[in-house]
Amino acid sequence: MDCLFCKIASGDIPSYKIYEDDFVIAFLDINPVSRGHTVVIPKIHIGSFTEMKPDDAARLFASVNRVTKKLLKALDAPAANVGLNNGKIAGQIVPHVHVHIIPRYENDGGGSMHSIVSAEVDTDEIEELASRIINKS
Ligand code: 5GP
Ligand code: ZN
């Protein structure tokens with residue numbers, strides 16, 4: 001399988017690995033947006049977050065929790081953004097699910113999750129949206 005992150009997981013492509021357990025590895029992003037920007041991936045190939053089984057997603061996020069705490073402590077960072085791009089339209093470039101941990105620092109000039117997109121949404125529609133989502137199993 002010609003997958004960049006599978007090759008990083010197997011060690012065929014070198015990376016600065018900072019954490020490993022049974023299910024994941026975490027390594028420093030090659031093009032960091034902040035000091036310590038880290039990517040956490042499952043060792044097995046799964047294309048995207050919505051292709052994951054809930055149990056695998058839980059394991060991934062348990063490890064992300066550990067790595068985030070480790071990073072903040074080691075780098076003396078007071079905060080972090082933690083998230084993922086699920087699908088091409090959302091900005092996912094590498095088609096192997098990965099969670100970004102972006103340590104944040106005082107006055108670093110960055111924004112919150114809300115700065116990712118600011119589409120015009122009709123708030124009158126919110127109630128109908130909620131029932132549509134609830135009724136979709
Ligand atoms: P995406 O846009 O798919 O959510 O993020 C992919 C991330 O992987 C980007 O932040 C990018 O800088 C990082 N990346 C891409 N290729 C490599 C690589 O070969 N090594 C490392 N360490 N990071 C990579
Ligand atoms: Zn892969």
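Reader: Which element gives the most to the shell around ligand 1?

Author: That's α1, with 3 residues. Helices are DSSP runs of H or I, at least four residues, and strands are E runs of at least two, numbered from the N terminus. This is a predicted model, where local features need pLDDT of at least 70 and side-chain atom pairs pLDDT 80 or more, while totals for chains, interfaces and linings use all residues. Residues are numbered from 1 along each chain as written, chains are lettered from A and ligands numbered from 1 in the order written, and side-chain values use heavy atoms, without hydrogens and water.

Reader: What makes C3, C6, H45 and H96 donors of the zinc ion (ligand 2)?

Author: A donor is an N, O or S atom within 2.8 Å of the metal (3.2 Å for Na, K and Ca); water isn't among the atoms, so sites may look incomplete. Here C3 and C6 bring SG, H45 and H96 bring ND1, at 2.0 to 2.3 Å, so they fit the cut-off.

Reader: Why is the arrangement around the zinc ion (ligand 2) called tetrahedral?

Author: Four donors earn that word if all angles lie between 85 and 135 degrees. The 4 donor atoms here subtend 106 to 115°, so tetrahedral it is.

Reader: How do you know whether H45 and H96 are buried or exposed?

Author: Buried means under 20% relative accessible area, exposed over 50%, partly exposed in between (1.4 Å probe, protein chains only). H96 has 0%, so it's buried. H45 has 34%, so H45 is partly exposed.

Conventions
Four donors count as tetrahedral if all angles lie between 85 and 135 degrees; four count as square planar and six as octahedral if opposite donors are over 155 degrees apart and all others between 65 and 115; anything else is irregular.
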